[in-house]
Amino acid sequence: MTAELDARLKDVLSFLALVVFLLIAWQATHVVAGETALASPWLTIVRTYELLGSSRFWEHFATTTWTFFIASVISIVGGILIGLVMGSSPLLTEAGEPVLIALYTVPKVAFFPVILLVFGIGLPAQVVYAFLHGIIPVAIFTITSIRNVRPVFRKTSRVMGLSTGQYWWHVVIPSAIPEVFSGIRLGISLTFIGTILAEMFGSKSGLGYRLMQAIGINDGALILALTLIIVILAMAFSWVLLAIDNRLHKRV
């Protein structure tokens, strides 16, 4: 127990040291570059505080949250279903997995003009563009998790006379959950990136849209304040999901 507390304390201290280093580097860059090029850490924090006290900001935040939520649900459910269907058949796995990997390597921005043409500027286009970032990693990890079920589990299930449904429910799904969740963690992170990008170039509201407005008027403090909020949100998602992911893998 003491060793675990010491490890956590070291992690916290390392994180604080990193934050202090980044703040010092930020301030030094601000001094060299000037206020016009880069706002100071203090001014950015003040602007962030002002943003958090603005009702208009929370309207944009709510838009981003709703878009991200819908896209994440589609990414998770759709990715798992695709992975289960393809992973259940060796033929489908061999034929479909290379296609998914190829699609995953294609920059999603290439699809954005088509998405806007079909759905127009608004929530549907944002959701489609966002979940395209996350659904493929979830599907690939699900396929891999099914394929990596230990052969001894299959043999044991046959010896015990388990039906196909019982085999999937009692053997495949429990053993695949940690790997599938790793895919969900990656998928959610990428979906969040897709949400912000979609709002930057195809929306009339949201944090990404507000960020583009700040860039348009060259408001350096507002740009950094919004960037800071987005980074903190992304880090929070990653920390929570990573903690759950680590616990699931420890139980295996």
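Start by selecting Glu59: with a relative accessible area of 44%, Glu59 is partly exposed. Keep in mind as you click around that this is a predicted model. Now add Arg56 to the selection, which is also partly exposed, at 46% relative accessible area. These two side chains form a salt bridge, and their closest N and O atoms sit 2.6 Å apart. Both belong to helix α3, and because they are three residues apart there, about one helical turn separates them. What lets two such side chains pair up? Side chains of opposite charge can do so when their charged atoms come close.

**Zoom out for a moment**

Show the whole protein chain as a cartoon. How many helices and how many strands are there? You'll find ten helices and zero strands. Follow the chain along its sequence and the pattern reads α-α-α-α-α-α-α-α-α-α. Along the principal axes, the C-alpha atoms fill a box of roughly 70 × 60 × 30 Å. If you colour by accessibility, 36% of the 252 residues count as buried.

**Helix against helix**

Next, select residues 55-87, which is helix α3, together with residues 123-147, which is helix α6. Their axes come within 6 Å of each other and cross at roughly 35°. Turn the view until you're looking through one helix at the other: this crossing is right-handed. What kinds of residues make up the contact between α3 and α6? By class, 18 are nonpolar, nine are polar and none are charged.

**From α6 over to α4**

Stay with helix α6 and pick out Arg147, then pick Glu97 as its partner. Their side chains meet in a salt bridge, 2.7 Å from N to O. This one links distant parts of the chain, since Arg147 is in helix α6 and Glu97 is in helix α4, 50 residues apart. Is each of them buried or exposed? Arg147 is partly exposed, with a relative accessible area of 44%, while Glu97 counts as buried at 11% relative accessibility.

**A lysine without a partner**

Keep Glu97 on screen and select Lys108, in the loop between α4 (90-105) and α5 (112-119). Lys108 is buried, yet it has no salt bridge. Where is the nearest side chain of opposite charge? That is Glu97, and it is 15 Å away. A salt bridge calls for a nitrogen and a carboxyl oxygen within 4 Å. What Lys108 does have beside it is the backbone oxygen of Val106, which lies 3.1 Å from a polar atom of the Lys108 side chain.

**The Arg47 network**

The structure holds five salt bridges, and your next stop is the one between Arg47 and Asp219. Their closest N and O atoms are 2.9 Å apart. Arg47 lies in helix α2 (residues 41-52) and Asp219 in the loop between α9 (207-216) and α10 (220-251), so the pair ties together parts that are 172 residues apart in sequence. At 24% relative accessibility, Arg47 counts as partly exposed; Asp219, at 16%, counts as buried. Now add Glu50 to the selection: Arg47, Glu50 and Asp219 are linked in a network of salt bridges.

**One residue along the loop**

Select Asn218, found in the loop between α9 and α10. With a relative accessible area of 53%, Asn218 is exposed. Check its backbone angles too. What is the phi of Asn218? It is positive, about 55°, although Asn218 is not a glycine. For context, most residues other than glycine have a negative phi.

**Last stop: helix α8**

Finish in helix α8, residues 164-202, and select Ser182. Ser182 counts as buried, at 9% relative accessibility. Add Leu248 and look at the distance between the two C-alpha atoms: they are separated by 9.4 Å, although Ser182 and Leu248 are 66 residues apart along the chain.

Then move along to Thr195, which is in helix α8 as well. Thr195 is buried, with a relative accessible area of 0%. Which backbone oxygen does its side chain reach? The side chain of Thr195 reaches the backbone oxygen of Thr191, at 2.8 Å.

How values were computed:
Residues are numbered from 1 along each chain as its sequence is written. This is a predicted model: local features need pLDDT of at least 70, side-chain atom pairs count only at pLDDT 80 or more; totals for chains, interfaces and linings use all residues. Side-chain values use heavy atoms; hydrogens and water are left out. Axes are lines fitted to C-alpha atoms, for helices over the stretch in contact, and angles run from 0 to 180 degrees between N-to-C directions. Helices (H or I, at least four residues) and strands (E, at least two) are DSSP runs, numbered from the N terminus. A crossing is left-handed if the near helix is turned anticlockwise from the far one by less than a right angle, and right-handed if clockwise. Ala, Val, Leu, Ile, Met, Phe, Trp, Tyr, Cys and Pro count as nonpolar, Asp, Glu, Lys and Arg as charged, and the others, Gly among them, as polar. Buried means under 20% relative accessible area, exposed over 50%, partly exposed in between (1.4 Å probe, protein chains only). Lys and Arg count as positive and Asp and Glu as negative; His and the chain ends are not counted. A polar contact is a pair of N or O atoms within 3.5 Å; within protein, one must be able to donate a hydrogen and the other to accept it, and residues adjacent in sequence count only if both atoms are side-chain atoms.
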